[in-house]
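Open the model in your viewer and keep the sequence beside it. This tour goes stop by stop, saying what to select and what is there.

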Amino acid sequence: SSINIGGLTFIATSFKPIFMLEMARSKMTPEAMNTSILQAKIYPPEDALGKVGFLDELAPQDGSESVVEMAVRRAQEIADTVQQPSFRNAKLGMRKQSLVTIKGTLEEDMNQYRK
């Protein structure tokens, strides 16, 4: 069983971590989340980026920039652009409910894999 970033393939297995569901809920459109969870639908990268909303960006397929290089570049662009603490507060406000849910269920979530 594996996780596929173009979909929620962990749903089709016994691997059902709450934190992954919360991450999906915070990123995906309701329709895409429904088909990903209830039908274990896998989306091609372009759809995961565009119509589904699971991804923010795709690394160039030509290899001109690695995923790590792209992530570092984007992080630097954000750091150079946004104002703190406004950015931190906005991001926390957007994700607060998911963070509360994840924190409240993490121990139980992890226990199912310790057996």
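The model is predicted. Begin at Met110, whose place is in helix 5 (residues 86-114). With a relative accessible area of 34%, Met110 is partly exposed. Now add Leu106 and Tyr113 to the selection: together with Met110 they make a nonpolar surface patch of about 250 Å².

**The whole protein**

Clear the selection and colour by secondary structure. How many helices and strands does the protein have? There are five helices and zero strands, and the pattern along the sequence reads α-α-α-α-α.

Switch on the surface. The protein exposes about 8100 Å², with carbon and sulfur atoms supplying 58% of that area. Of the 115 residues in the protein, 23% are buried. As for contacts with a separation of 6 or more, 47% are between residues 24 or more positions apart. Two of the later stops show particular pairs of residues that meet in space.

**Helix 2**

Select residues 30-39, which form helix 2. Which residues of this helix are buried? They are Ala32, Met33, Thr35 and Ser36. Show helix 1 (18-27) as well, since what covers the buried residues of helix 2 includes helix 1. Then move to Ala40, just after helix 2, and look at the backbone: Ala40 takes a positive phi of about 50 degrees.

**Lys27 and Asp56**

Next select Lys27, which lies in helix 1. Lys27 is partly exposed, with a relative accessible area of 27%. Leaving out residues up to four places away in sequence, Lys27 touches Val52, Gly53, Phe54 and Asp56.

Keep Asp56 in view and show both side chains. Which kind of bridge joins Lys27 and Asp56? Their side chains meet in a salt bridge, 2.4 Å from N to O. Lys27 is in helix 1 and Asp56 is in the loop between helix 3 and helix 4, so the pair ties together parts that are 29 residues apart in sequence. The side chains of Lys27 and Asp56 also make a polar contact, again given as 2.4 Å. To check the backbone positions, use the distance tool on the two C-alpha atoms: they are 8.9 Å apart.

Is Asp56 buried or exposed? Asp56 is exposed, because its relative accessible area is 64% and the cut-off for exposed is over 50%.

**Glu65**

Select Glu65, in the loop between helix 3 (45-49) and helix 4 (67-81). Why does Glu65 count as buried? Its relative accessibility is 18%, and buried means under 20%.

Now show what surrounds Glu65. With residues up to four places away in sequence not counted, Glu65 touches Ala59, Pro60, Met70 and Arg73. Zoom in on Arg73, where a polar contact of 2.8 Å joins the side chains of Glu65 and Arg73.

**From Arg73 to Glu77**

Stay on Arg73 and add Glu57. Arg73 forms a salt bridge with Glu57, and the closest N and O atoms are 3.7 Å apart. This pair links distant parts of the chain, with Arg73 in helix 4 and Glu57 in the loop between helix 3 and helix 4, 16 residues apart. Arg73 counts as partly exposed at 31% relative accessibility, and Glu57 is partly exposed with a relative accessible area of 33%.

Now select Arg74 and Glu77. Where is this pair? Both are in helix 4, and because they are three residues apart there, about one helical turn separates them. Glu77 forms a salt bridge with Arg74, the closest N and O atoms being 2.5 Å apart. At 31% relative accessibility, Glu77 counts as partly exposed. Arg74 is partly exposed too, with a relative accessible area of 31%.

For the last view, select Glu57, Glu65, Arg73, Arg74 and Glu77 at once: salt bridges that share partners join them into one network. The structure holds seven salt bridges, including the one between Lys27 and Asp56.

Notes
Residues numbered from 1 in each chain as written. Predicted model: local features only at pLDDT ≥ 70, side-chain atom pairs only at ≥ 80, totals over all residues. Heavy atoms only, no water. Helix = DSSP H or I, 4+ residues; strand = E, 2+ residues; numbered from the N terminus. Buried < 20%, exposed > 50% of the residue type's maximum accessible area, 1.4 Å probe, protein only. Polar contact = N/O pair within 3.5 Å; in protein donor to acceptor, adjacent residues only side chain to side chain. Contact = heavy atoms within 4.5 Å. Areas by Shrake-Rupley, 256 points an atom, 1.4 Å probe, with all protein chains shown as cover. Patch = residues over 30% accessible without salt bridge, like charges linked within 9 Å, V, L, I, M, F, W, Y side chains within 5 Å. Salt bridge = Lys/Arg side-chain N within 4 Å of Asp/Glu carboxyl O.
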